[in-house]
Amino acid sequence: MKKHIPNLITLGNLFCGTIATIFAVQANYEFAALFVVFGIVFDFFDGFAARLLNVSGELGKQLDSLADMVTSGVVPGIIMYHLLDNASSEVSALKYIGLLLTLGACYRLAKFNIDIRQSDSFIGLPTPAMCLFVIVLPLIQINTGFEFIRNLMGNPFFLIAITLLLTLLMNAELPLFSLKFKNYKLQNNLLKYFFLATSLLMLLLGQYSAIPLVILLYVVLSVVGNLRTK
């Protein structure tokens with residue numbers, strides 16, 4: 001029975017992603033974001049459980065990507081669709097550009113399943129990172145006290161630029177470090193520890209508003225790490 005435990009956790013991710021999709025369609029951004037976070041937590045623990053129980057297999061790998069497609073692919077596409085719909089009421093067709101995030105996530109997840117290079121690191125931005133970036137945008141727009149940020153989040157050209165950039169990053173041949181630890185020695189994991197400490201500080205100071213900056217920091221540090229390696 002233990003071989004089914006990771007798959008049940010993965011289905012928990014899918015369950016949360018489906019609920020988040022319902023809330024996203026209703027433009028209920030707070031609850032959509034909440035259930036996405038629940039889904040991403042399940043997504044982390046299914047792999048952890050599979051390694052702990054030594055029951056990883058091809059079924060779990062495929063199931064994981066299918067669940068991620070809903071939680072971290074469909075939901076951010078719908079949210080960006082709403083943001084663009086609100087920002088570009090005069091040109092209604094622009095809102096469909098937001099669904100590029102869903103298409104890009106699907107393509108990335110399909111590549112991930114057949115790419116043997118991504119066992120210890122990532123090639124391209126992981127879909128959960130893209131999703132977290134997007135789902136906080138409407139929350140920042142609603143709750144920020146800065147008029148400039150509110151106007152920026154309501155600018156269709158800014159939102160389209162974000163959509164195109166994230167879609168590109170998900171599928172770019174860009175090596176990004178993962179947070180899997182083979183050991184916990186400082187000298188072997190300096191970049192990871194720096195990222196975790198800095199991210200924690202940013203989140204404590206800015207709460208969910210800091211999430212886009214954390215994602216950008218992750219990409220920048222990965223690029224710096226790649227240049228150092230070369």
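Leaving aside its neighbours within four places in sequence, which residues is Phe122 in contact with? Some notes follow, bearing in mind that this is a predicted model.

1. Phe122 first. It sits in strand S1, which covers residues 121-123. Setting aside neighbours within four places in sequence, Phe122 is in contact with Arg108, Phe112, Leu174, Pro175, Leu176, Phe177, Ser178 and Tyr218. Ile140 is 18 residues away from Phe122 along the chain, and the C-alpha atoms of the two are separated by 28 Å.

2. On to helix H2, residues 29-53. With 25 residues at 1.5 Å a residue, H2 should span 36 Å, and its end C-alpha atoms are indeed 36 Å apart, so the two figures agree. Just after H2 comes Asn54, which has a positive phi, near 55 degrees.

3. What does H2 pack against? Its buried residues are Tyr29, Ala32, Ala33, Phe35, Val36, Gly39, Ile40, Asp43, Asp46, Ala49 and Ala50. Note that Asp43 and Asp46 are on that buried list. The partners for the buried residues of H2 are helix H1 (5-25), helix H3 (58-87), helix H5 (127-135) and helix H6 (137-143).

4. Helix H3 has a bend you may want to look at. There is a kink of about 35 degrees, centred on Met69. End to end, the 30 residues of H3 reach 42 Å from first C-alpha to last, close to the 44 Å expected at 1.5 Å a residue.

5. Now the nonpolar core. In soluble globular proteins, nonpolar side chains tend to be buried together. Here the largest nonpolar core has 49 residues, and those with the most contacts inside it are Ile79, Met80, Leu125, Met130, Ile135 and Leu166. Helix H10 (residues 211-229) supplies the largest share of this core, 7 residues. As for Ile135, if you skip neighbours within four places in sequence, it is in contact with Ala33, Val36, Val75 and Ile79. Of those partners, Ala33 and Val36 are among the buried residues of H2.

6. Last, the cysteines. How many disulfides does a search of the whole structure find? The count is 0. Cys106 is in no disulfide, and the nearest cysteine sulfur, that of Cys131, is 15 Å away. For Cys131, the closest cysteine sulfur is in Cys16, at 12 Å, which is too far for a bond. Buried or partly exposed? Cys106 has 40% relative accessibility, so it counts as partly exposed, whereas Cys131, at 0%, counts as buried.

Terms used:
Residues numbered from 1 in each chain as written. Predicted model: local features only at pLDDT ≥ 70, side-chain atom pairs only at ≥ 80, totals over all residues. Heavy atoms only, no water. Helix = DSSP H or I, 4+ residues; strand = E, 2+ residues; numbered from the N terminus. Expected span 1.5 Å × (residues − 1). Buried < 20%, exposed > 50% of the residue type's maximum accessible area, 1.4 Å probe, protein only. Contact = heavy atoms within 4.5 Å. Core = buried A, V, L, I, M, F, W, Y, C linked by side-chain atoms within 4.5 Å. Disulfide = S-S within 2.5 Å. Bend = angle between axes of the 7 residues up to and from the residue.
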